[in-house]
Amino acid sequence: MISVGLAILLIWLAVKDLDSQNIANIKMAFRDAGYFWILLSMALASVSHVSRCVRWNILLEPLGYKPKLLNTFFALMIGYTANFAIPRLGEVSRCSVLTKYEGVPFTEAIGTVITERIIDLICIIIIFVATLAIQYERLWDFSNKTIITPITEKLKVIFGDDLYLSLFSSIMIALTIWFVLHKKKTGKKNESNKILDIAKGLWNGLKSVKEIKKPFWFIFHTLLIWVFYIESLQVALYCFDETGGLGLFASVTALIFSTLGVIVTPGGTGASQIFVTNALTTIFKVSHTFAFALSWLMWAAQFVTLVGLGVISLIFLPLYNKESDN
């Protein structure tokens with residue numbers, strides 16, 4: 001509920017200073033937008049989701065499971081839809097679907113999802129650093145004011161002034177707890193053993209990346225996911241003449257800040273629009289009218305794609321598996 005409340009607050013902050021002229025201009029921008037490009041953006045994003053499903057199946061294979069691709073797709077879309085309601089509920093939902101319909105142990109499925117998240121984090125960091133290296137002056141100042149300083153200040157509130165020492169101590173405590181659980185000898189089942197079983201399942205899922213049987217295809221689909229993410233935003237820029245010529249750097253920047261928005265609020269609602277609008281106006285000197293309209297169109301395209309496919313998945317998941325059982 002806190003995240004939903006934050007999303008509502010951010011939406012209000014995004015629109016509260018709009019006067020009647022701003023609203024009229026934005027309405028005109030929405031009316032004149034090239035929606036063919038938005039539909040193409042949605043199609044490209046959908047391809048990236050299919051590729052993510054293939055990659056997930058590759059991670060599950062070393063654990064001895066080969067889910068049907070359509071079930072994996074249904075699970076992923078249901079998870080994405082759930083994330084718009086409650087952050088991180090999607091991870092639980094998608095793994096629950098595979099547990100129910102494909103017999104994949106929940107803890108091991110969660111382990112593979114955590115692995116996915118780590119890989120995705122590495123990818124977005126690489127993209128950010130590469131973009132920063134190419135466009136240092138324009139991007140660093142905006143990122144420092146918008147991301148780094150606010151996050152650092154919030155972490156200092158949580159951990160105190162000795163931020164890095166506190167973070168290091170927290171990591172060491174977590175590793176110590178894991179080591180104790182991991183080394184605990186098996187014996188009669190009790191609560192500690194159950195915790196150890198859960199930790200073992202998670203660990204099996206996490207380490208599956210070391211045992212994948214198709215490393216080339218795993219890397220290929222990892223690259224494909226991000227290429228299609230970027231391309232989906234690239235083509236969306238063409239919906240307005242003012243943004244159509246911004247180029248690859250603009251789409252990558254939109255990707256970085258929309259991804260940051262997803263971390264802040266469910267589905268990036270409110271946060272993504274503010275971050276992308278500010279990036280377009282500050283870095284690329286796009287007028288507020290078109291930056292505002294484009295950020296909302298990008299978010300709406302994502303929302304319609306994920307929720308639409310999620311609802312379809314909820315409907316067809318039991319029907320597909322009922323037919324498969326016959």
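Colleague: Why is Phe216 called exposed?

Modeller: This is a predicted model, and in it Phe216 has a relative accessible area of 57%. Exposed means over 50%, so Phe216 counts as exposed.

Colleague: What makes Trp217 partly exposed?

Modeller: Its relative accessible area is 43%. That value is neither under 20% nor over 50%, so Trp217 falls in between.

Colleague: Why is the pair of Phe216 and Trp217 called edge-to-face?

Modeller: The ring centres are 5.2 Å apart, and the planes stand at 80 degrees. Centres within 6.5 Å make a pair, and planes over 60 degrees apart make it edge-to-face, so both conditions are met.

Colleague: How many aromatic pairs does the structure hold?

Modeller: There are 13. One of them joins Phe36 and Trp37, with 5.2 Å centre to centre and 75 degrees between the planes. The angle is over 60 degrees, so this pair is edge-to-face.

Colleague: Are Phe36 and Trp37 buried or exposed?

Modeller: Phe36 has a relative accessible area of 54%, which is over 50%, so Phe36 is exposed. Trp37, at 30%, lies between the two cut-offs and therefore counts as partly exposed.

Colleague: Which residues do ring pairs link into a cluster?

Modeller: Phe84, Phe292, Trp296, Trp299 and Phe303.

Colleague: How do you know that the charged end of Arg94 sits over the ring of Trp56?

Modeller: The charged end of Arg94 is 4.1 Å from the centre of the Trp56 ring. The distance limit is 6 Å, so that part of the test is passed. The test also asks for a position within 35 degrees of the ring normal, and Arg94 is listed as sitting over the ring.

Colleague: Trp56 is also among the α3 residues that meet α4. How do the axes of these helices lie?

Modeller: The axes of α3 (residues 35-60) and α4 (residues 69-85) come within 9 Å and cross at roughly 115 degrees. The crossing is right-handed. On the α3 side the contacts include His49, Cys53 and Trp56, and on the α4 side Phe73, Leu76 and Tyr80.

Colleague: What makes Cys53 buried?

Modeller: Its relative accessibility is 1%, which is under 20%, so Cys53 is buried. Cys239, at 5%, is buried by that cut-off too.

Colleague: How many disulfides does a search of the whole structure find?

Modeller: Zero. A disulfide would need a pair of cysteine sulfur atoms within 2.5 Å.

Colleague: Why is Ser48 called buried?

Modeller: Ser48, in helix α3, has 1% relative accessibility, and the limit is 20%, so Ser48 counts as buried. Leaving aside residues up to four places away in sequence, Ser48 touches Ile225, Phe228 and Tyr229.

Note on methods. Residues are numbered from 1 along each chain as its sequence is written. This is a predicted model: local features need pLDDT of at least 70, side-chain atom pairs count only at pLDDT 80 or more; totals for chains, interfaces and linings use all residues. Side-chain values use heavy atoms; hydrogens and water are left out. Rings of Phe, Tyr and Trp (its six-membered ring) pair if their centres lie within 6.5 Å; planes under 30 degrees apart count as stacked, over 60 as edge-to-face and the rest as tilted. Buried means under 20% relative accessible area, exposed over 50%, partly exposed in between (1.4 Å probe, protein chains only). Axes are lines fitted to C-alpha atoms, for helices over the stretch in contact, and angles run from 0 to 180 degrees between N-to-C directions. Helices (H or I, at least four residues) and strands (E, at least two) are DSSP runs, numbered from the N terminus. A crossing is left-handed if the near helix is turned anticlockwise from the far one by less than a right angle, and right-handed if clockwise. Contact means heavy atoms within 4.5 Å.
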